[in-house]
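This report covers ring contacts, salt bridges and the sheet. Please look at the structure first.

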Amino acid sequence: MSRAWTAEAFYTQLEEPPTLAEYTQQARDFVARHVAEKRKVVLVTQSGGTTVPLEKNMVRFLDNFSAGTRGAASAEYFLEAGYAVIFMSRQHSQFPFTRWYSHTTNPLFDLLEEPAEGEETVQVSQAHVQGLLPILHAYHEAKRRGRLLTVPFVTVIEYLFLLRNMSEVMDPLGRHAMQYLAAAVSDFFVPADKLSEHKIQSDDQALTLQLEPVPKVLGSLVASWAPNAFVVSFKLETDEKLLIPKAERSLHKYGHQLVIGNLLQRRKFEVVLVEPHDHTWVRLPSTSAAPPHEIERDIVAAIAERHESWIASV
Ligand code: PMT
């Protein structure tokens, strides 16, 4: 029998990840520093799927398409806009700054010159220096100034526990806190008491899985965990007709500030910002040629402006 999990049951009946307390303390210290410096802090939950293990000793799992580009790119632009960033990072997916040299598109080793026999220094080839320098500077500046805190997760359970605790520790920021919920969260999971201890044996048998629904936590986040924050959720659809109505429904149901709607096929070129009485398209000039810049730059500029006006409105 499948259970209908409420958010409350989920958090009381499931076991907390062992690393939760440590990451929560790190975030608390990070937030305290930025509260003292009156800086805005954004929690970016990385787009990057949340894994659903099928075994306790996990060999197999369910996941989704997301590589985490939206979250990693947005984190960079928030840093550039003066925010401090708590980056909830799905392990092994795209990461701010290093993503520019990720393995398949732009391999790190292609950047480096092979030293001559007997030499022990490695250099970046001249052709790549111009492209690398601003990224390297931005990365080191974020580190030096303590502006980027990374909290890693893999499974949907780790993600949901972290999301609750990160949201709660940001409360002292008041309106200076923003939640930017770009993660592609699994809708179904297998609770621990139904998980096979060891690798599921194939034995030429069909495998039947019973997945239980992951509770929606946006309502708890908006009402209880982060009632003073500027909350931006995302809505991904593949059917254009559903995009704005579903984003509006979410906004109406949870009462937060903004939903960013995107279609799977066009997500890198256009998104729609859906607000209570309005919606605004953000589009790059062309979907065919190489775009002039990443759409996340325009998304973050538009969101940061709205956050600022919202802070000023009280
Ligand atoms: O990685 P990329 O290729 O760059 O892709 C980026 C993206 C398309 C994944 C990203 O832009 C995006 O749209 N992410 C949200 C995907 C989505 O629609 O999620 P959802 O419909 O399952 O959830 C909608 C909102 O509810 C989300 O903001 C989520 O935080 C929230 N939610 C989801 C599940 C859950 N159990 N509780 C929630 O509150």
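In this predicted model, the charged end of Arg175 sits over the ring of Trp310, 3.9 Å from the ring centre. Trp310 is buried, with a relative accessible area of 15%. Trp310 also forms an aromatic pair with Phe230. The geometry is edge-to-face: 5.2 Å centre to centre, with 65° between the planes. Phe230 lies in strand 11 and Trp310 in helix 8 (residues 295-312), so the pair ties together parts that are 80 residues apart in sequence. Phe230 is buried too, at 4% relative accessibility.

The structure holds 14 aromatic pairs. Ring pairs also build a cluster from Trp5, Phe10, Tyr11, Phe161, Phe189 and Trp225.

Next, the charged pairs. The whole structure contains 17 salt bridges. Three of them are tabulated here.

| Salt bridge | Closest N to O distance |
|---|---|
| Glu76 and Arg99 | 2.8 Å |
| Arg306 and Glu275 | 3.1 Å |
| Glu237 and Lys246 | 3.5 Å |

Glu76 lies in helix 3 (residues 69-80), and Arg99 in the loop between strand 4 and strand 5 (112-113), so their salt bridge ties together parts 23 residues apart in sequence. Both Glu76 and Arg99 are buried.

Arg306 in helix 8 and Glu275 in strand 13 are 31 residues apart, and their pair links distant parts of the chain. Arg306 is partly exposed, with a relative accessible area of 21%. Glu275 is buried, at 19%; the cut-off for buried is under 20%.

Glu237 is buried at 12% relative accessibility. Its partner Lys246 is partly exposed at 29%. Elsewhere, salt bridges with shared partners join Glu240, Arg266, Glu270 and Arg283 into one network.

Now the sheet. Eight strands form an open sheet with mixed pairing, in the order 7-4-1-8-11-12-13-14. Strand 7 (148-153) and strand 14 (278-283) stand at the edges; each has a single partner strand, so one side of each lacks a neighbour in the sheet. From one strand to the next, the twist averages 15°.

Strand 11 (residues 230-237) and strand 12 (residues 258-263) run parallel, joined by six bridges. Phe234 has Ile260 in strand 12 as its bridge partner.

Helices lie across these strands. Helix 5 (residues 156-169) crosses strand 1 (41-45), strand 4 (84-90), strand 7 and strand 8 (177-181), and runs at about 150° to strand 7. Helix 7 (residues 240-254) lies across strand 11, strand 12, strand 13 (270-275) and strand 14. Helix 7 runs at about 160° to strand 12.

Definitions and conventions. Residues numbered from 1 in each chain as written. Predicted model: local features only at pLDDT ≥ 70, side-chain atom pairs only at ≥ 80, totals over all residues. Heavy atoms only, no water. Pairing = 2+ DSSP bridges. Helix = DSSP H or I, 4+ residues; strand = E, 2+ residues; numbered from the N terminus. Axes fitted to C-alpha atoms, helices over the stretch in contact; angles between N-to-C directions. Contact = heavy atoms within 4.5 Å. Phe/Tyr/Trp six-rings, centres within 6.5 Å; stacked < 30°, edge-to-face > 60°. Buried < 20%, exposed > 50% of the residue type's maximum accessible area, 1.4 Å probe, protein only. Lys NZ or Arg CZ within 6 Å of the ring centre and 35° of its normal. Salt bridge = Lys/Arg side-chain N within 4 Å of Asp/Glu carboxyl O.
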